[in-house]
Amino acid sequence: MIRCSLVLIVIACIGISVCVAFAKDNDAKRGTIRGQVLEYGKTQPPIEGVIIKIISANGKEWTVKTDTNGEYKFTNLPAGNYTLKYLQEGFQNEGRGNQSVSVVSGGDQIVELKTVNWLNRVKGTVEYGILPLLNHVSGNLAKHYGLDETTVNALQQSIHESVETAIKQRKNLSNFLVRWDDDSLDIFEELLLRQDIKTAFTKHLTETQLKDFTNIPRHQEKQAYAHYSTASLDQELSLTADQRQKIVQLRLNSKDDEAWLTVLTETQKKILQLVELKKKADMLESHERTKQLAEAILASHTEQLATTLNKHALQQLTLITTAVAQKYLEAEKIMTTYREAEASLINAIEAKEITPKQADEKLKNLSRKLWNEKDTNKKSDETLDNTGLFNFHFFTRFTQIAAHRRALINGIVGGKRGFNREIYMTTELNFPTYDITYYALYQQTLKDVLSEKEYEQYTALQSERENFHQQALRDLAVANLDTLLLLNDAQRKQLKMAVAKLTVSPLGWDAPRDMFDKLIAQIDDGVLSRWQQNYLYLYLSLIDEI
């Protein structure tokens, strides 16, 4: 019996030894994935709290989080292929990435990851951007609703505590990574989507008060864009005063985005169709489209005068339309030569083959040559074809030209960097034909065929149109500055007074920006708070880099 027991014990020990040996052998066939997550830069500090996940070929998942040294480790992994994914804790999209990793028997795979430390980025954004913005808003709310100092201090304290708690708990931190080339109103409304920040405000204000506060600049913005979009239409279609008023109201009140089309005449609708065709035309088609569009624009402009014109005057203006359109086209062909040279020089400047000053001189010489040749070839029409009144702008600030043109071109080609000459030329040729009604031949014919009283009526109509355009640009400048800087009631009043006498060319390359810049130049010291001044400077710096 004793001998039998000893045999069984020996067998058991042998079995255990075999199992241990098998387990050790099996472990030796497994591997490890480990590494460290570091921040981009020279010092490359470790990033804590990055969620690392690996997924095997059969879909099994393992998840760990980096420690204070930014390190992570997966052990005892079967040999095979894995997908490694990482995402920083508290963020929905930032710091996300993935890559493939292969584990071999007994292998130790080291995968080092480098990314932005979004938590540090948030802390900086909160300290220097978000909290100053929210403090500014609370100050405006205090003035608007007559809040006392104690309430304002409590409101700001609640805001700070809610933001600090969110960062400490790493809760939905992506909302804090705002774009600083956006309007402050957009950023504020985005921040209010966070329940913790909204709660901080509604401890001291009703939701209705908070909504009304943001509705003031939004309503002003909506009205400004309704007027500006109507003014832009007026440049092409020569709207009557009644049409302008109706279109503005439809843009403000109608749920149908195209309801304003019912206000247009058939000629005006034809212009819109031709504009779309012109935008799609290639370089060979563009000139013919331009001629058709010029004739339609002149016809619409003439129709506007139909109620005040005598029959003879109406016939004369109708007959001159084709001749004016043809001369307009001849002038545009000359400008095509000019633009081709301009595009080549922009490329040369960006390639550092010539200086802006050299390019400036080349274009000046070319413009003299082109327009002198025009005068030589068209001496018989010299009195009528005053091309100099065409208001073509010979650009001299070439580094700025390159930036403006690139912004337009990049928008067309989907953000691709670099200056694309062909797209630039097509874009310029297909740009709306706004200035045809100012052409000297058409304006001279108006003077010839209209009586003195009729011409005074025409001048009054044009003055009314110009006032409408300028006021639309003024309102838009104030509205844009309001949504950008969150003005208080007193500031709005001051800026509306400052912009009242400003004028810009409505046919300019970027009339809204021109008016905006003029308004900024008119702002006296002390009108804007320190925060508003800093934010305006930051905003302009960012958009000028685009």
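# Notebook: burial, sheet, cores and confidence

Buried residues make up 43% of the 546 residues in the protein. I am working from a predicted model, and I counted secondary structure next: the protein has 18 helices and eight strands. I then looked up how far apart in sequence the contacting residues lie, and among contacts with a separation of 6 or more, 69% are between residues 24 or more positions apart.

**Entry: confidence**

Before going into detail I checked the pLDDT, whose mean over the protein is 80, with 80% of the residues reaching 70 or more. I marked residues 16-27, where the pLDDT is below 50 and where the model shows one contact beyond near neighbours in sequence. I also marked residues 375-417, where pLDDT again stays under 50, although for this stretch the model has 65 contacts beyond four places in sequence. Where pLDDT is low, the predicted coordinates should not be read in detail. I therefore leave the contacts of residues 375-417, with their pLDDT under 50, out of my detailed reading.

**Entry: the sheet**

I traced an open sheet of four strands, in the order β3-β2-β5-β6, with antiparallel pairing. Which strands stand at the edges? They are β3 and β6 (97-103), and because each has a single partner strand, one side of each is left without a neighbour in the sheet. On average, neighbouring strands of this sheet are turned by 25° against each other, direction ignored.

I took β2 (residues 50-56) as my starting point, and I noted that five of its seven residues are buried, so that the strand is mostly covered. On the β5 side, seven bridges join β2 to β5 (residues 80-88), the two running antiparallel, and here V50 stands opposite Q88. On the β3 side, β2 pairs with β3 (residues 61-65) over five bridges, also in the antiparallel sense. Following individual bridges across to β3, I found that I51 is partnered with K65, while I54 is partnered with W62. β2 and β3 form a hairpin with four residues between them, and in the turn G59 has a positive phi of about 95°.

At the other end of the strand order I looked at β5 and β6, which run antiparallel and are joined by seven bridges; in this pairing Y82 stands opposite V101 in β6.

**Entry: nonpolar cores**

Which residues have the most contacts inside the largest nonpolar core? This core has 57 residues, and the ones in question are F176, F201 and L481. Helix α2 (residues 118-145) gives the most to this core, with 10 residues. I followed F201 further and, leaving aside residues up to four places away in sequence, found that F201 touches L134, V137, L141, L155, I159, F188, L192 and L210. There is also a second, separate core of 32 residues, which includes L233, L293, L305 and L450.

**Entry: S158 and Q249**

Is S158 buried or exposed? S158 has its place in helix α3 (residues 149-169), and because its relative accessibility is 10%, below the 20% cut-off, S158 counts as buried. Beyond residues up to four places away in sequence, S158 touches A200, K203 and H204.

I looked up Q249 for a second helical position; Q249 lies in helix α7 (residues 241-253). With 40% relative accessibility, Q249 falls between the 20% and 50% limits and therefore counts as partly exposed. I also took the distance from Q249 to W260, which are 11 residues apart in sequence and 8.8 Å apart in space, C-alpha to C-alpha.

**Entry: helix α15**

I wanted to know how the span of α15 (residues 452-485) agrees with its number of residues. At 1.5 Å a residue, its 34 residues should span 50 Å, and the end C-alpha atoms are 49 Å apart, so the two values agree. Just after α15, L486 takes a positive phi of about 55°.

Note on methods: Residues are numbered from 1 along each chain as its sequence is written. This is a predicted model: local features need pLDDT of at least 70, side-chain atom pairs count only at pLDDT 80 or more; totals for chains, interfaces and linings use all residues. Side-chain values use heavy atoms; hydrogens and water are left out. The expected span of a helix is 1.5 Å times one less than its number of residues. Buried means under 20% relative accessible area, exposed over 50%, partly exposed in between (1.4 Å probe, protein chains only). Two strands pair if DSSP finds at least two bridges between them. A nonpolar core is a set of buried Ala, Val, Leu, Ile, Met, Phe, Trp, Tyr and Cys residues joined through side-chain atoms within 4.5 Å. Contact means heavy atoms within 4.5 Å. pLDDT is the predictor's confidence in each residue, from 0 to 100. Axes are lines fitted to C-alpha atoms, for helices over the stretch in contact, and angles run from 0 to 180 degrees between N-to-C directions.
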